[in-house]
Amino acid sequence: LNLRDFNGRLALRCNVLIGAIDVYKDIFVRDNVWAYEFTHVIDPQAITGLIEQYLDLHPKGQFMGPDYVQKYQTRTFYGEDSQAELLILAARHLTLTNNKEFARQHIDEYHKCAEFLLNLRRPGEDLPICAHSWDGQGMPLHSKEPYFIALCYMGLNRLADMDDALNNPELAKRWRTEANKMKTAALKNYTDGGLWDPDRGTFIKFTDYRDPNHWGYKMQDWYNPGGKVETGIPRTEFVFYETIIPIFLGLLDDPVKIRKAYEWIDSNFNYSFGRGGITMPEGWSQDFVLLFDIMNRKKYDIPRAENVLQLLLSQGMNIGMPLTETSIFNHSNWRVHAGRAWDNSPYFYLVINMHYGLDYTWEGWKISDPNPLKNYTLTKISNLSYKDARYSIIWNGKGKVKSIKVDGKIWPGKILNLTKGEHNVEVLLQ
C-alpha cells in the first residue's frame, strides 16, 4: 500500500517505486479507492481504519480533489471522477462497519459530490460532460465518456444505499433515478445521442465536446484551423477500457450484450505476445484494466480468463513485482510507474472473492459458491479476522456450497460471525 503520513493521517502514495517526478509522491483518489475497494478482503479491520483516515484527510465541506499534494495541502482543481470515486469509497466504509454516525458526519459532503456530478449535464440531457476526468490512459477529456459515466452510475447507486441506511428514502430514490437515467441514455445508439455501437456491441470511445481549436497529444486528433467545428462529435473508435470498466461497474449488466461484446473483442484480438509483437485490444493501457477484464470473464462465464491472467502474471514476473503500469509491454519507465495500488489490488479480490467465494461486511464473512480459476486449486485460507475471531477455511469437493462446518459442527447459514476465538471451517462443495 505504500502508506505515508499526510498531516498526521495515513494514506497511500501513488507509486511504491518513485522516480524523479514529484507528482508520483502525492495521493490520488483512484489509488485509494481501488486499493481499499479490493484489499478489504485481506484485512477488513485494518482497511476500515485506513478508509476513515483517508476520508478525514480532506477538509469538511470541500469536494474531493483528484490528488492531495503534501507540498501545498490545498487544491483549487477538483476532478469530476474524484467525486464519483469518493462515493464508492464512502459506501464501502459503511458496508464494512455499519458505522452510521461516521456516515452522517460526512453525508452532506457526499450529497455535494452527487449534486456536482448531476450539474455536469446540460438542460434536458441525462449524460454528464466531464472536463477533467483522468480515464484509463490518463487523458484529460471534455466529453461524454462511458468510463466516467459508469463511475457516476456506481457512485450514485452507492450513495442511494447510504441514504437508505440513514433513513433518507426520498434522497435514495432520487440518486437511483438519476443513475438509471444515465444508464438508459448511455446504452442508446451513438447516432441517437448515446454511447453504444450496435454493430460491434460495445461502447464507443466518447462523444467529443472539446473546442476543436484546442487540441494536443492524447487529446482530440481532429483540427480545423480554418474555422469553428461543431462539438458533440461521436468518437466511434473501440477503446478497450471504455467497455470493460463499464461492465465491471454495472453500467452494462445485460449478460447477453456482455457476451456479444466479448465475442467481438475475442474475434479481433488474441491477447498474445512474442517475436511478432503483441496483440492486445486498443486502449487497454494499464494492468488494472486487464484485471477488470479477467473478473468480468469469471463473473459472466466468458472463456479465456485464465489465459489473460497467465499473460499478465508471466510478464509481471519477467519485469518484477509489484506489477507496473504496463507490465505487458515491459514498460521502460517502470521505476516511476511500478507498484500503483490500482494495478495490483484487484488481483487479491479476484482470488479471495471470485476464486474462493468470500466477501466481508460488518455482519461477518460471507461464504458463497466459489468460481475457481482453471488450473488453480481451492486450498486453504488462514487467519481471516472478524473482530476478535480468527478463521481458517478449507474447501472439499467441487461445485456449489452444500454445507459448512465450524469446529466440526454444522453451521447454520453462510455468514461466519463468531466474534472471539480461533475457528476451523470446512466448506463442503457438491
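User: What makes the 12-13-18 set an open sheet, and which way do its strands pair?

Analyst: In this predicted model, three strands line up in the order 12-13-18, with antiparallel pairing. Strand 12 (358-361) and strand 18 (415-416) sit at the edges with a single partner strand each, so one side of each has no neighbour in the sheet.

User: How do you know that strand 13 and strand 18 count as a pair?

Analyst: Pairing takes at least two bridges between the strands. Strand 13 (residues 364-367) and strand 18 are joined by 2 bridges and run antiparallel, so the pair meets the cut-off of at least two. As for who sits across from whom, W365 has L416 in strand 18 as its bridge partner.

User: Moving on to helix 3, how do you know that its span agrees with its number of residues?

Analyst: Helix 3 covers residues 80-97, which is 18 residues. At 1.5 Å a residue they should span 26 Å, and the end C-alpha atoms are 27 Å apart, so the two agree. Just after helix 3 comes N98, with a positive phi of about 60 degrees.

User: Why is helix 3 called largely enclosed?

Analyst: The cut-off for buried is under 20% relative accessible area. Of the 18 residues in helix 3, 16 are buried, so the rest of the structure largely encloses the helix.

User: What lines the largest cavity, and how much space lies in it?

Analyst: The search gives 1 cavity of 30 Å³ or more, and the largest cavity holds about 30 Å³ of space. Its lining is made up of A90, H93, L94, N99, F102, A103, Y110 and M162. Helix 3 and helix 4 (100-118) are the elements that give two or more residues to that lining. By type, the lining has 6 nonpolar residues, 2 polar ones and no charged ones.

User: Why is C152 not counted as part of a disulfide?

Analyst: A disulfide needs two cysteine sulfur atoms within 2.5 Å. For C152, the closest cysteine sulfur is in C130, 8.0 Å away, which is too far for a bond. Searching the whole structure turns up 0 disulfides.

User: And are C113 and C152 buried or exposed?

Analyst: Back to that under 20% cut-off for buried. C113 has 0% relative accessibility, so C113 counts as buried. C152 also comes out at 0%, and therefore counts as buried.

Methods. Residues are numbered from 1 along each chain as its sequence is written. This is a predicted model: local features need pLDDT of at least 70, side-chain atom pairs count only at pLDDT 80 or more; totals for chains, interfaces and linings use all residues. Side-chain values use heavy atoms; hydrogens and water are left out. Helices (H or I, at least four residues) and strands (E, at least two) are DSSP runs, numbered from the N terminus. The expected span of a helix is 1.5 Å times one less than its number of residues. Buried means under 20% relative accessible area, exposed over 50%, partly exposed in between (1.4 Å probe, protein chains only). On a 1 Å grid over the protein atoms alone, a cavity is a set of points where a 1.4 Å probe fits but cannot get out, and a pocket is an open set with protein on both sides within 12 Å along at least five of seven lines; lining residues have an atom within 4 Å of a point. Grid points are joined across faces, edges and corners, and a volume is the space filled by probe spheres set on the points. Ala, Val, Leu, Ile, Met, Phe, Trp, Tyr, Cys and Pro count as nonpolar, Asp, Glu, Lys and Arg as charged, and the others, Gly among them, as polar.
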